[in-house]
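This report describes a two-chain model, beginning with the pairing of strands across the chain boundary and ending with the fold of a single chain.

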There are 2 protein chains.
Amino acid sequence: MHPDRFLFDADNCSIRRTLDIVGEKWTFLVLREAFYGVRRFADFHRAIGCARNILSARLKTLTDEGLLRRETYQEAGSRPRDEYRLTAKGIELFPALVALMQWGDHWTADPAGPPVELFHRDCGEPIKAEIHCAAGHGPLTARDVQGRPGPGARAVSA
Amino acid sequence: MHPDRFLFDADNCSIRRTLDIVGEKWTFLVLREAFYGVRRFADFHRAIGCARNILSARLKTLTDEGLLRRETYQEAGSRPRDEYRLTAKGIELFPALVALMQWGDHWTADPAGPPVELFHRDCGEPIKAEIHCAAGHGPLTARDVQGRPGPGARAVSA
């Protein structure tokens, strides 16, 4: 264990704060569908298959937190309906979703292989979520990476 | 929405299967501490601050699923105790944790800035979780990436 582990408060940890917003299975799955282009309640419901009240609650959280924005649309002869679209804040979670997916592809897939493959649209090569440094080294593993207190670190009072 | 969205079953989705194992806030936080080098129950408890029965359950899940392995150690004059160490399967979740952390650093950090900064051990430059393709293009955004059914895709019967 790093000798400084208990010198700093973990309450402002960015992983914890992220999980306070999206750290629940259905929330990630709603985001997954939004990345697949799903926008309407009925389509989210069909794709995810969770209870309607859970889906409503997750869409509300994601909208309240600014990862999705709600827009009203109306087709001729129908009543107005809501659509949910990813914001820049939501789109920025893409590397996290890809990283979770590739771990699952490796460790949990059926013998047949992964159900979905992701490619670079321009060149057709498969993509991966990887750790790279600003000097261009990578992909790096956990062993290549070192943490240190950042500007927002809060020392624990003795 | 992609026109093929509802042609395939999402039950074998790798994101869902990953979240079935680690998709709970405390589970991710246990892994966070394991990456910080924490190994003992008392240290996990001190670092995370969740209830002891929740911590026990999360350590059991992570051990049962093979992300942590339990080892017994004994210090002179003390009773034997368990240590929990990351396995290769656990270590491979590092990019997902880094991706969640950097999203939180951007969108949830205090005005002072992120509490922890991560660097490449060899060159000292900051690291990021990024999407790259096998041809070396990147970092890519969600818009640069296209999905298609993989070898394990299961068509939905009509």
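Lys128(A) has His132(B), in β4(B), as its bridge partner. The model is a predicted one, in which local features need pLDDT of at least 70 and side-chain atom pairs count only at pLDDT 80 or more, while totals for chains, interfaces and linings use all residues. Residues are numbered from 1 along each chain as its sequence is written, and chains are lettered from A and ligands numbered from 1 in the order in which they are written.

**Strand pairing between the chains**

β4(A) and β4(B) run antiparallel and are joined by 7 bridges. Helices (H or I, at least four residues) and strands (E, at least two) are DSSP runs, numbered from the N terminus; two strands pair if DSSP finds at least two bridges between them. A further antiparallel pairing, over 5 bridges, links β5(A) with β3(B), residues 116–120. Within β3(B), Val116(B) stands opposite Pro149(A). Strand β4(B), residues 127–133, is mostly covered, with 5 of its 7 residues buried. A residue counts as buried if 20 or more other C-beta atoms lie within 10 Å of its own, exposed if 12 or fewer do, and partly exposed in between, with C-beta atoms placed from the backbone.

**Symmetry and contact surface**

Chain A is superposed on chain B by a rotation of 180 degrees with 0.0 Å of shift along its axis, at an RMSD of 0.0 Å. The two copies are thus related as by a two-fold rotation axis. The same surface serves both copies, since 100% of the contact residues of chain A recur in chain B. Superposition is by least squares on the C-alpha atoms of residues with pLDDT of at least 70 in both copies.

The contact takes 85 residues from chain A and 85 residues from chain B, where two residues are in contact if their C-beta atoms, placed from the backbone, lie within 7 Å. On the side of chain A that touches chain B, α6(A) supplies the largest share, 13 residues. That side divides into 46 nonpolar, 18 polar and 21 charged residues. Here Ala, Val, Leu, Ile, Met, Phe, Trp, Tyr, Cys and Pro count as nonpolar, Asp, Glu, Lys and Arg as charged, and the others, Gly among them, as polar.

**Buried elements**

The table lists buried counts for three elements.

| Element | Residue range | Buried residues |
|---|---|---|
| α2(A) | residues 25–35 | 9 of 11 residues |
| β4(B) | residues 127–133 | 5 of 7 residues |
| α6(B) | residues 94–107 | 12 of 14 residues |

With 12 of its 14 residues buried, α6(B) is largely enclosed by the rest of the structure; its buried residues include Phe94(B), Trp103(B) and Asp105(B). The end C-alpha atoms of α6(B) are 20 Å apart, in agreement with the 20 Å expected at 1.5 Å a residue, the expected span being 1.5 Å times one less than the number of residues. Helix α2(A) is likewise largely enclosed by the rest of the structure, and among its buried residues are Trp26(A), Arg32(A) and Glu33(A). Just after α2(A), Gly37(A) takes a positive phi of about 100 degrees.

**Fold of chain A**

Chain A has 6 helices and 5 strands, in the order α-α-α-α-β-β-α-α-β-β-β from the N terminus. Its radius of gyration is 20 Å, well over the 15 Å that the globule rule gives for 158 residues, so chain A is more spread out than a compact globule. The radius is taken over C-alpha atoms, and the rule is 2.2 Å times the number of residues to the power 0.38. Of the 158 residues of chain A, 36% count as buried.
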